[in-house]
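Morning, everyone. I have one chain to go through today, so please look at the screen.

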Amino acid sequence: MSRRNEQLEVVLAELRATGIEPEVRLRVHTQVRWCTHDGQQRMYVVASTAGGGRGVANARAGVRRMLRQDGVLSK
């Protein structure tokens, strides 16, 4: 990956802050995969190109929403 992808960086930072070490798969769109504490597979897709001014905030909110659903983050 030659260019910095801020959305990917923020998603990885949110996951690592909770002790999750995700797997990154570079495809047309980047896939970030991880397992929950009960073994369920989760995936978040990050756009390969910047979409607009809200892209980073939306990526952070999306992954945090998933972590709350899994009980990793409190409401």
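I will start with the whole chain and then turn to two residues.

First, a caveat: this is a predicted model.

The chain has 2 helices and 3 strands. Read from the N terminus, the order is α-β-β-β-α. The radius of gyration is 12 Å, and the globule rule gives 11 Å for 75 residues, so the chain is as compact as a globular protein of that length. As for the box, the C-alpha atoms fill roughly 35 × 25 × 15 Å along the principal axes.

Next, burial and surface. Of the 75 residues, 32% count as buried. The exposed area is about 5100 Å², with 46% of that supplied by carbon and sulfur atoms. If you take the contacts with a separation of 6 or more, 41% of them come from residues 24 or more positions apart. On charges, the chain has 13 positive and 7 negative, and the mean positions of the two sets are 6 Å apart.

Now helix 1, which covers residues 6-17. Does the length add up? The expected span for its 12 residues, at 1.5 Å a residue, is 16 Å, and the end C-alpha atoms are 16 Å apart, so the two agree.

Which residues of helix 1 are buried? They are Gln 7, Leu 8, Val 10, Val 11, Leu 12, Glu 14 and Leu 15. The cover over these buried residues includes strand 1 (23-25), strand 2 (30-35), strand 3 (41-46) and helix 2 (55-69).

From that list I want to pick out Glu 14. Its relative accessible area is 14%, and the cut-off for buried is under 20%, so Glu 14 counts as buried. What does Glu 14 touch, leaving aside neighbours within four places in sequence? The contacts are Arg 60, Val 63, Arg 64 and Leu 67.

The second residue is Val 56, in helix 2. Its relative accessibility is 26%; that falls between the 20% and 50% cut-offs, so Val 56 is partly exposed. Again setting aside neighbours within four places, Val 56 is in contact with Glu 6, Gln 7 and Val 10. Two of those names, Gln 7 and Val 10, were among the buried residues of helix 1.

One distance for anyone checking the coordinates: Val 56 and Val 28 are 28 residues apart in sequence, and their C-alpha atoms are 18 Å apart in space.

That is everything I have on this chain.

Note on methods: Residues are numbered from 1 along each chain as its sequence is written. This is a predicted model: local features need pLDDT of at least 70, side-chain atom pairs count only at pLDDT 80 or more; totals for chains, interfaces and linings use all residues. Side-chain values use heavy atoms; hydrogens and water are left out. Helices (H or I, at least four residues) and strands (E, at least two) are DSSP runs, numbered from the N terminus. The radius of gyration is taken over C-alpha atoms; the globule rule is 2.2 Å times the number of residues to the power 0.38. Buried means under 20% relative accessible area, exposed over 50%, partly exposed in between (1.4 Å probe, protein chains only). Contact means heavy atoms within 4.5 Å. Accessible areas come from the Shrake-Rupley method with a 1.4 Å probe; for residues, only the protein chains shown count as cover. Lys and Arg count as positive and Asp and Glu as negative; His and the chain ends are not counted. The place of a charge is taken as NZ of Lys, CZ of Arg, CG of Asp or CD of Glu. The expected span of a helix is 1.5 Å times one less than its number of residues.
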